[in-house]
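This report walks through a protein model, from strand pairing to aromatic packing. Keep the sequence and the structure in view while reading.

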Amino acid sequence: MKRSVYSLVLMDDVIKAVDEQAYRLGTSRSNLINQILAERLSCVTPEMRMRGIFSCIEELIGGAMQIQQQRSASMMTMRTALEYKYRPTISYKVELDRTPDRYLGTLRVQIRTQSDRLTELFNSFFLYRSRMESLKLSEAGCGKPEWDIASGSYTRRLLNVVGLTDEQVGEAIGRYIGDLDLAVKTFFANPHGFGAAAPELEMRYGQMLKTYIV
């Protein structure tokens, strides 16, 4: 969304109140003033679009995960526990792009653990998952998303399907995270026996692609 520079003459008390609110919201003075004016004049801002998307995601998976408070309007973090030794925590963090082009934004999945074995399992699962998704998406003619695996951290860019409403985008991301979380939990519940469960999960993912592509 295009932006330009304008000069405004405002009262000092107004600027003070704006700055305090901007600090609480984790945004800038200019961005907050832009949001206030846009809402007053019924214009759609990137923040409004992102709030709509996150609202749909929370409605879909909020009951299954703990939603974390965020200061940034472009970010949403969810946490859940795995059925594994010491019930380690895994987090899903969605960061949306203000002006999406090929990608809507980025999904980061991280596990909190000091166990080398658990980190190794995490990395091996997401290597499998990334390759499987890339194959299924290529077969669907969608192209391969960018992804990266570090030590206990997985990053994937979310594909942008042109023409979707904010509600449909939120639903697509929410369904994807729900499907991914099911696969993660199935894997960690029985890493050695995951091969038997994988075909059904892959079929489930393939069915999802007929409606939701991210």
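Which residue in strand 4 does Lys93 stand opposite? Lys93 faces Arg108.

This is a predicted model: local features need pLDDT of at least 70, side-chain atom pairs count only at pLDDT 80 or more, and totals for chains, interfaces and linings use all residues. Residues are numbered from 1 along each chain as its sequence is written, and side-chain values use heavy atoms, with hydrogens and water left out.

**Strands**

Helices (H or I, at least four residues) and strands (E, at least two) are DSSP runs, numbered from the N terminus. Two strands pair if DSSP finds at least two bridges between them.

Strand 1 (residues 66-68) pairs with strand 2 in the antiparallel sense, over three bridges. Gln66 stands opposite Arg79 of strand 2. The hairpin that joins strand 1 to strand 2 runs through six residues.

Strand 2 (75-81) is followed by a loop that leads to strand 3 (89-96). Seven bridges link strands 2 and 3, which are antiparallel. Met78 has Tyr92 in strand 3 as its bridge partner.

Strand 3 also runs antiparallel to strand 4, with eight bridges. Six residues make up the hairpin between strand 3 and strand 4. Strand 4 in turn is joined to strand 6 (residues 153-159) by seven bridges, again antiparallel. There Arg108 stands opposite Thr155. Arg108 thus has Lys93 across from it and Thr155 across from it in strand 6.

How much of this is covered? Buried means under 20% relative accessible area, exposed over 50%, and partly exposed in between (1.4 Å probe, protein chains only). Seven of the ten residues of strand 4 (residues 103-112) are buried, so strand 4 is largely enclosed by the rest of the structure. Strand 2 is largely enclosed too, because five of its seven residues are buried.

**Single residues**

Arg87 sits in the loop between strand 2 and strand 3. Its phi is positive, about 45 degrees, although Arg87 is not a glycine. Arg87 is partly exposed, at 44% relative accessible area.

Glu47 belongs to helix 3 (residues 46-61). Glu47 is buried, at 2% relative accessibility. Contact means heavy atoms within 4.5 Å. Leaving aside neighbours within four places in sequence, Glu47 is in contact with Asn31, Gln35, Ala73 and Arg98.

Cys56 is buried at 16%, whereas Cys142 is partly exposed at 25%. A disulfide is a pair of cysteine sulfur atoms within 2.5 Å. The whole structure contains zero disulfides.

**Aromatic pairs**

Rings of Phe, Tyr and Trp (its six-membered ring) pair if their centres lie within 6.5 Å; planes under 30 degrees apart count as stacked, over 60 as edge-to-face and the rest as tilted. The count comes to ten aromatic pairs. Two of them are set out here.

| Pair | Centre distance | Plane angle | Class |
|---|---|---|---|
| Tyr84 and Phe188 | 5.8 Å | 80 degrees | edge-to-face |
| Phe187 and Phe188 | 5.2 Å | 90 degrees | edge-to-face |

Tyr84 lies in the loop between strand 2 and strand 3, and Phe188 in helix 5 (residues 166-189), so their pair ties together parts 104 residues apart in sequence. Tyr84 is partly exposed at 22% relative accessibility. Phe188 is buried at 1%, and Phe187 is buried at 7%.

These three residues belong to one aromatic cluster formed by Tyr84, Phe122, Phe125, Phe126, Tyr128, Tyr154, Phe187, Phe188 and Phe194.
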